[in-house]
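These are my notebook entries on side-chain pairs, packing and strand pairing. I record what I looked up, in the order in which I looked.

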Amino acid sequence: MKIEERSHEGNVNPEYSLEERKLHNSFKQKTWDQIVTKDSWMVFKIMAEFVDGYERMSKIGPCVTIFGSARLKPDTKYYDMAVEIAEKITKIGFGIITGGGPGIMEAGNKGAHNANGTSIGLNIELPFEQHFNPYISKMLSMNYDYFFVRKVMFVKYSQGFVVMPGGFGTLDELTEALTLIQTNKIGKFPIVLVGTEFWSGLLGWFKDTLLKEGMIAKEDLDLYRVVDSADEAVEHINAFYKKYAVNVNF
């Protein structure tokens with residue numbers, strides 16, 4: 001369809017699908033009133049999400065974030081392993097942060113809840129998949145409209161990252177953490193990837209393509225540890241903090 005194809009009122013044809021209307025609207029010239037009433041005021045909504053997140057998260061203390069797929073069901077291998085990891089991390093003194101939804105997020109919050117620990121959920125408004133799980137501590141469920149604000153909260157208030165198998169969102173969160181550590185924007189906190197078989201393709205590409213082409217340095221391959229059990233995951237984080245004093249990111 002042509003981008004200029006519109007109804008007689010100048011708006012996108014209402015018979016188009018939602019995806020088509022979004023595409024057409026992205027090319028539509030905004031009036032000054034639209035810029036002032038929508039784009040400019042959006043800044044204040046973003047600021048409000050940051051301020052609320054900073055105020056609530058800064059009081060929680062050291063935490064480990066668990067990333068992973070929203071689509072993994074209870075009583076599956078990685079769901080159960082995430083519950084176990086969260087329980088054991090909680091018992092060595094950390095709170096658990098997740099995206100607050102189902103799947104691995106639910107498993108992480110469930111593990112913290114089972115161990116009577118701090119269980120934080122940073123939810124995002126999505127048209128599918130996402131909803132608050134029931135294992136988040138009272139008053140520690142937070143809702144975000146913007147992915148980038150939510151990612152800041154994950155990284156700013158975490159002292160370690162456990163990355164379970166997941167899709168595009170999990171990859172985004174993993175590479176965000178790797179980039180910030182690589183560029184010294186945050187401390188060199190432990191990153192644990194769970195599942196050698198699952199991650200082998202990506203990690204092979206890191207080594208055989210990114211490293212070979214000079215896109216990363218050899219030492220960047222040391223920014224993460226790959227494990228296959230809950231005990232290995234927790235031991236890596238525990239060993240790190242036996243060596244280094246816990247240093248919060250704020």
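Which side chain meets that of Asp52 in a salt bridge? I worked on a predicted model throughout.

**Entry 1. Salt bridges within helix α2**

I found that the side chain of Asp52 meets that of Arg56 in a salt bridge, at 3.5 Å from N to O. Both residues belong to helix α2, where they are four residues apart, about one turn of the helix. I then looked up their accessibility. Asp52 has 34% relative accessibility and counts as partly exposed. Arg56, at 27%, also counts as partly exposed. I counted six salt bridges in the model.

**Entry 2. Salt bridges between separate parts of the chain**

I next looked up Asp145, whose side chain forms a salt bridge with that of Lys45 at 2.7 Å, N to O. Asp145 lies in the loop between β4 and α5 and Lys45 in helix α2, so this pair ties together parts that are 100 residues apart in sequence. Asp145 is partly exposed at 35% relative accessibility. Lys45 is partly exposed at 42%.

I then turned to Lys151, in helix α5 (residues 147-156). Leaving aside neighbours within four places in sequence, I noted that Lys151 is in contact with Asp172 and Glu176. With Asp172 the side chain of Lys151 forms a salt bridge, 3.1 Å from N to O. This pair links distant parts of the chain, with Lys151 in helix α5 and Asp172 in helix α6 (residues 168-182), 21 residues apart. Is Lys151 buried or exposed? Lys151 has a relative accessible area of 15%, and I recorded this residue as buried because the cut-off is under 20%. Asp172, at 33%, is partly exposed. I also noted a network in which salt bridges that share partners join Glu84, Lys88 and Asp231.

**Entry 3. Aromatic pairs**

How many aromatic pairs does a search of the whole structure find? I recorded 12. I looked up Trp41 and Phe44, whose ring centres are 5.1 Å apart with the planes at 40°, so I entered the pair as tilted. These two residues are three apart in helix α2 (residues 32-57), and are thus separated by about one helical turn. Trp41 counts as exposed at 54% relative accessibility, whereas Phe44 counts as partly exposed at 47%.

I set beside this the pair of Phe67 and Phe161, which is stacked, with 6.1 Å from centre to centre and 10° between the planes. Phe67 lies in strand β1 (residues 63-67) and Phe161 in strand β5 (residues 161-163), so the pair ties together parts that are 94 residues apart in sequence. Phe67 is buried at 3% relative accessibility, and Phe161 is buried at 0%.

I recorded one aromatic cluster formed by Phe50, Tyr54, Tyr146, Phe148 and Tyr157. I also looked up the ring of Tyr54 and found the charged end of Lys156 over it, 5.4 Å from the ring centre.

**Entry 4. Strands β3 and β4**

Which residues of strand β4 point to the buried face? I found that Met142 and Tyr144 point to one face and are buried, while Ser141 and Asn143 point to the other and are not. In a regular strand, side chains alternate between the two faces of the sheet. I then looked up the pairing of this strand: β3 (residues 119-124) and β4 (residues 141-144) run parallel and are joined by four bridges. Leu122 stands opposite Met142 in β4.

**Entry 5. The nonpolar core**

I returned to Leu122 in the largest nonpolar core, which has 64 residues. Leu122 is listed among those with the most contacts inside this core, together with Ile85, Ile89, Val162, Met164, Ile191 and Val194. Helix α3 (residues 77-91) gives the most to the core, with eight residues. In soluble globular proteins, nonpolar side chains tend to be buried together.

I chose Met164 for a list of contacts, not counting residues up to four places away in sequence. Among the residues that Met164 touches are Ile66, Phe67, Tyr78, Met81, Ile85, Ile104, Val194 and Trp199. Phe67, one of these contacts, is the residue I had entered above as stacked with Phe161. Ile85 and Val194 are on the contact list of Met164, and both are also among the residues with the most contacts inside the core.

Definitions and conventions:
Residues are numbered from 1 along each chain as its sequence is written. This is a predicted model: local features need pLDDT of at least 70, side-chain atom pairs count only at pLDDT 80 or more; totals for chains, interfaces and linings use all residues. Side-chain values use heavy atoms; hydrogens and water are left out. Contact means heavy atoms within 4.5 Å. A nonpolar core is a set of buried Ala, Val, Leu, Ile, Met, Phe, Trp, Tyr and Cys residues joined through side-chain atoms within 4.5 Å. Buried means under 20% relative accessible area, exposed over 50%, partly exposed in between (1.4 Å probe, protein chains only). Two strands pair if DSSP finds at least two bridges between them. Rings of Phe, Tyr and Trp (its six-membered ring) pair if their centres lie within 6.5 Å; planes under 30 degrees apart count as stacked, over 60 as edge-to-face and the rest as tilted. A charge sits over a ring if NZ of Lys or CZ of Arg is within 6 Å of the ring centre and within 35 degrees of the ring normal. A salt bridge is a side-chain nitrogen of Lys or Arg within 4 Å of a carboxyl oxygen of Asp or Glu.
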